[in-house]
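Student: Before we look at the model, could we agree to test each label against its criterion rather than take the label on trust?
Tutor: Gladly; let us bring up the structure and begin.

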Amino acid sequence: MQVHVLFFGQLKDATGFAAHDFEASEAASLGSIWDDFAARFPRLEAHRPHVRAARNHEFAAFETRVEPGDEIAFLPPVSGGSDVLVSLTRDPIDARALVRLVQRPTDGAVATFEGVVRDNTKGQPTGFLEYECYEPMALRLMEDLRRDLLGKHAIGEVAIVHRLGKLAIGEASVVIVVAAPHRQAAFDACSEAINRLKSSVPIWKKEHFEGGEIWVEGDWDLKVEDAAKR
């Protein structure tokens with residue numbers, strides 16, 4: 001089936017064209033179409049953590065199936081926008097790309113926190129983890145957290161990205177990057193960011209063990225109390 005694919009900004013530079021009529025397979029998704037172009041134009045891959053996709057003029061997840069005649073757009077961050085600084089993803093998180101995104105010439109410190117999947121919980125071997133969340137609410141609360149940190153601390157910028165789906169041992173489930181003129185502000189904001197993310201954003205973790213699995217639950221009363229204090 002044929003679909004019409006559009007690229008903008010840096011993505012247009014990477015491919016060398018703004019529009020392309022593409023012959024997709026019957027089972028194609030937005031993600032598989034992106035992968036096809038990334039295989040042909042390797043420069044695209046560096047942009048993947050920050051790209052949003054649209055189908056027929058509406059934002060859509062990369063897992064969305066496409067239909068014949070669809071118009072598909074791959075969109076880099078808009079100028080002055082902050083949406084890529086706060087995101088949920090099912091792809092590995094590129095911490096260095098986030099550093100490049102937030103760091104300015106006036107910053108003397110960059111603090112990075114990576115929450116990594118470990119191979120055990122209280123001594124019990126873990127096979128892998130699985131994350132899910134209430135995505136619209138999580139993104140809104142993550143953006144609220146980002147704005148609050150910018151207002152409270154002497155920092156320049158914050159990026160918060162959380163993984164969803166299945167994660168293997170050693171993979172980063174969350175990356176927080178804070179850039180600031182001085183190190184103490186960067187440390188303080190980064191520490192507050194991960195503590196509040198874990199206590200107030202609706203993201204759930206399931207641990208898979210040999211022969212079993214369990215959802216890891218916090219205390220929702222504490223989440224509500226934390227939100228009320230703000």
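**Labels and their criteria**

Tutor: In this predicted model, the buried residues of helix H2 are Leu 30, Gly 31, Ile 33, Trp 34, Phe 37 and Ala 38.

Student: What makes the buried residues of H2 line one face of the helix?
Tutor: Viewed down the axis of H2, these buried residues fall within an arc of 160 degrees, so they line one face of the helix. What covers the buried residues of H2 includes strand E1 (2-7), helix H1 (9-15), strand E2 (19-23), strand E3 (52-55), E4 and E5.

Student: Why is the pair of Trp 34 and Phe 74 called edge-to-face?
Tutor: The ring centres of Trp 34 and Phe 74 are 5.2 Å apart and their planes stand at 70 degrees; because rings pair if their centres lie within 6.5 Å, and planes over 60 degrees apart count as edge-to-face, the name applies to this pair. Trp 34 belongs to helix H2 and Phe 74 to strand E5, so the pair ties together parts that are 40 residues apart in sequence. Both Trp 34 and Phe 74 are buried.

Student: How do you know that Phe 74 belongs to a wider aromatic group, and which residues form the cluster?
Tutor: One aromatic cluster is formed by Phe 7, Phe 17, Phe 22, Trp 34, Phe 37, Phe 41, Phe 62 and Phe 74, and the structure holds 9 aromatic pairs. One of them joins Trp 34 and Phe 62, edge-to-face, at 6.3 Å centre to centre with 80 degrees between the planes. Arg 48, in turn, lies over the face of Phe 62, at 3.7 Å from the ring centre.

Student: Why is Thr 121 called buried?
Tutor: Thr 121 has a relative accessible area of 19%, and because buried means under 20%, Thr 121 is counted as buried. Thr 121 is found in strand E8 (residues 120-121).

Student: What makes the approach of Thr 121 and Glu 207 a polar contact?
Tutor: Their side chains are joined at 2.6 Å, and a polar contact requires N or O atoms within 3.5 Å, so the distance part of the criterion is met. Leaving out residues up to four places away in sequence, Thr 121 touches Thr 126, Glu 207 and Phe 209.

Student: How do you know that Glu 135 and Arg 90 form a salt bridge?
Tutor: Their side chains meet at 3.0 Å, N to O, and because the criterion asks for a nitrogen within 4 Å of a carboxyl oxygen, the pair is a salt bridge. Glu 135 lies in helix H4 (residues 135-152) and Arg 90 in the loop between strand E6 (86-89) and helix H3 (95-102), so the pair ties together parts that are 45 residues apart in sequence.

Student: Why do Glu 135 and Arg 90 count as partly exposed?
Tutor: Glu 135 has a relative accessible area of 30% and Arg 90 is at 42%; because partly exposed lies between under 20% and over 50%, the label holds for Glu 135 and for Arg 90.

Student: Which label, buried or partly exposed, goes with each partner in the salt bridge of Glu 171 and Arg 163?
Tutor: Glu 171 forms a salt bridge with Arg 163, the closest N and O atoms being 3.5 Å apart. At 25% relative accessibility Glu 171 counts as partly exposed, whereas Arg 163, at 3%, counts as buried.

Conventions:
Residues are numbered from 1 along each chain as its sequence is written. Side-chain values use heavy atoms; hydrogens and water are left out. Rings of Phe, Tyr and Trp (its six-membered ring) pair if their centres lie within 6.5 Å; planes under 30 degrees apart count as stacked, over 60 as edge-to-face and the rest as tilted. Helices (H or I, at least four residues) and strands (E, at least two) are DSSP runs, numbered from the N terminus. Buried means under 20% relative accessible area, exposed over 50%, partly exposed in between (1.4 Å probe, protein chains only). A charge sits over a ring if NZ of Lys or CZ of Arg is within 6 Å of the ring centre and within 35 degrees of the ring normal. A polar contact is a pair of N or O atoms within 3.5 Å; within protein, one must be able to donate a hydrogen and the other to accept it, and residues adjacent in sequence count only if both atoms are side-chain atoms. Contact means heavy atoms within 4.5 Å. The arc is that of the directions from the helix axis to the C-beta atoms.
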